[in-house]
Amino acid sequence: MDSYHRSVLADLLAQPEELGEPVTGAVLDDALALLEDAAAAAVRDGGWTSDDPLRLSKWLLTWLLRCPRRAVAGPEPDGAVADLGGLVIGLIIDAGAKLATLTGRTDPITVDDALAFLDATGDTRASDHLADLDPSPPAATGATGANSAAGPPGSTGSDLRAEAGARLARLTATWPVIDPGWWPRVEEPVRVRLADGAVTLGGRLDVLLGGPPTGRPGLVIEVKSGRWHDAVRADAQVYGLLVGLRDGVAPAAVVTVAAGDGATQREPIRPAVLQHTAERVAVALRTASGLAAGEAPVARPGTYCGFCPLRDECPEGRAATKADAAA
Amino acid sequence: MISAPTPTPAAPTVRAAATRRAAEAGTGRDAVGTADRLRREVADRIEQVLAATPAAQGSEVYVGWVAALDAATCPARYRASGADGWGFPGWSAALAGAAIGRAALARYLDAVRPSAALGSEPSCPPPLPAPLEAVRAWVRDAARAPGGGVASWVAELARAGDRVELAAAAANATRWMAGFVRVVGWPLPERLALVTDDVDSPFTRRWPRRWRPPGRGTITVAGSPDAVAGKVAPSGHFDLLVHRPSSPTDGALADRAAFEAAAGALGAGMVAEHVVITAGDSGDRARFVVDQPLLARGADLIAGVVRQRAMAGEAWTDDDATPSAACHHCPERSSCSPGQRWLAGPGRWRAGLPTL
């Protein structure tokens, strides 16, 4: 990371007034009203109830808007994951950022630290996959997790550890020590009930700082293990809406930190952002109600088709993948 | 009883059902007499269960909220859960969050208001705690001078140098405390005592958590409120407060209130006035009046656990299996016919949508 990127988070925490005035009041009331109307209409066709609701997560929302067929594709056969290596690196990076937030440690956070943190929180997917790849890992992997047994990229647990370790080192080396008055919280769940609970809109924040009742503006930090891409802005906006509806005051900004390329992006949560995001959620609710009522899911192929569980059987997806390969 | 000022700009949503029940509440309560009758009723029902299942006599039965929910939602799954599901599975980062959060908040209150006592009039509100810092301070204390319960587990981790597991526990405790303070309000309501193992603090109390039916030392009913508001006295003008980081479904929410109302009455010998359940993720606050229907539902839940635990000694059947999303993780999913049918049909729906 260059010095600009390194300073973004630290500077924001040192000068919270730079974040601007958080949105409150009528903007959030209007967004909630729009969502309540959309949810009530969706429930009429979808048939959800408070005990068996539509649980609209960020993932589901994203795919309902991007490709409804992917939204209902279900898991891979036998629970496989198309990019398991990417998932493992993502889990390690997330865990490392959370450890850095919680401990304020000045010594490096290792891949093993991150894996132990994941295990302690009940998520053993990364440890299990690495154990499957390398039944006898090196005794000590240090900060980068690298060893001399590296083969082709991604082919062994050592490769994965090395890649995760390099990204983790870049990320945590620039992670600021956070003043306790910011109320640092990791894995904060946020949920908004709509239509008397028949629809819930929910998410889990990597790191949440400030907001009520701290007296400081809210700031959400999202950690991405890969490179920054434009879609992360939409994720950030959803988190801004969720926290705003829950707390009655929106976070001033969502900062996305991408460990893959060191990019740091600040998404100010302005009134227009909240309004636009609520409209996107309303569109997703309409799509969801149609799917629940039996409508055929529309396919909207894109660059993501290669990772879709339906990649072998979706004609639109196959055509798009073939065209990409030809180009 | 809980009427804390809420400092957050958005008042927590009070769920409609709970509000309706509160509006219909009567007065003229007999907190002690009602608890006595409940004790007799639950004891009688347990005796009937054990009389019908002689082989179950002497079995250890731990009736906590998790068991009550499991036994009520799918009796077959509860019976299949084995010793780990029937008893306390031991401390873990996930389970320790609330216990550490309560203890850390109490320690913080002790530190900033050393002269304050339960029920006293504060001259000025204590400063807002910083949850992560408060949790760290409590963990340091626990490592130096471990007490009982969760503190001894934390001390063991500290002795072993397991900083990562401690960090995971601290994450959960911080989340619990931050959510509790945000939703309940700051300063905390007057006469609110956090339930902890340490009763030296004026801000805490040990809740009489356990009740055993007469002559049945192997059966334990244990409520688990996070705080008690008001004076626990025969007048019954006190509330039990439960704080959850994540919202349950409405059905589970009402059952939690019923269970805590009944288990609390059995343990304390007095019926609380309300059960208040708050949720950190949504900011919701649901308040249930403790009335006869709520206590009756709680008694059903408690007796249901004892019945299913007694039946667990017999050959496992899926006759009363009640499929749900829990089937995906059930240890008997491959041998449960209703579960298999559900997984192949409605269970293919995820998050409220069908899957291809």
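In strand β4 of chain A, A:Ile221 is the bridge partner of A:Val207. The model in which this pairing appears is predicted. Strand β3 (residues 199-209) of chain A and β4(A) run antiparallel and are joined by three bridges. Strand β5 (residues 253-258) of chain A, by contrast, runs parallel to β4(A), and six bridges join these two strands. Within that pairing, A:Glu222 of β4(A) stands opposite A:Thr256 of β5(A). The connection from β4(A) to β5(A) passes through α9(A), forming a β-α-β crossover that is right-handed.

Burial of β4(A) was examined next. Six of the six residues of this strand (residues 219-224) are buried, and β4(A) is therefore largely enclosed by the rest of the structure. In a regular strand, side chains alternate between the two faces of the sheet. In β4(A), A:Leu219, A:Ile221 and A:Val223 point one way, whereas A:Val220, A:Glu222 and A:Lys224 point the other way, and all of these residues are buried.

Chain A also contains a helix pair, formed by α3 (residues 58-66) and α10 (residues 271-292), whose axes come within 9 Å and cross at roughly 75°. This angle makes α3(A) roughly perpendicular to α10(A). From α3(A), the contact involves A:Leu61, A:Leu64 and A:Leu65, while α10(A) contributes A:Arg280, A:Val281, A:Val283, A:Ala284, A:Thr287 and A:Ala288. By class, seven of the residues in the contact of α3(A) with α10(A) are nonpolar, one is polar and one is charged.

The contact between the two chains takes 48 residues from chain A and 40 residues from chain B. On the side of chain A that touches chain B, at least two residues each are supplied by β1 (54-56), α5 (84-103), α6 (111-120), β2 (185-194), α9 (231-247) and α10 of chain A. The largest share of that side, nine residues, comes from β2(A). The residues of chain A that form this side comprise 26 nonpolar, ten polar and twelve charged.

Chain B has twelve helices and nine strands. Of its 356 residues, 50% count as buried. Among contacts in chain B with a separation of 6 or more, 74% are accounted for by residues 24 or more positions apart. An open sheet of six strands in chain B follows the order β3-β2-β6-β7-β8-β9, with mixed pairing. Strands β3 (204-205) and β9 (285-289) of chain B stand at the edges with a single partner strand each, so one side of each lacks a neighbour in the sheet. Within this chain, β2 (residues 192-195) and β6 (residues 227-230) pair in the antiparallel sense over three bridges, and B:Ala193 stands opposite B:Val228 in β6(B).

Definitions and conventions. Residues numbered from 1 in each chain as written. Chains lettered and ligands numbered in written order. Predicted model: local features only at pLDDT ≥ 70, side-chain atom pairs only at ≥ 80, totals over all residues. Pairing = 2+ DSSP bridges. Helix = DSSP H or I, 4+ residues; strand = E, 2+ residues; numbered from the N terminus. Axes fitted to C-alpha atoms, helices over the stretch in contact; angles between N-to-C directions. Parallel < 35°, antiparallel > 145°, perpendicular 65-115°, else oblique. Contact = placed C-beta atoms within 7 Å. Nonpolar A, V, L, I, M, F, W, Y, C, P; charged D, E, K, R; others polar. Buried ≥ 20, exposed ≤ 12 C-beta atoms within 10 Å, placed from the backbone. Right-handed = clockwise from strand over helix to strand, strands pointing away.
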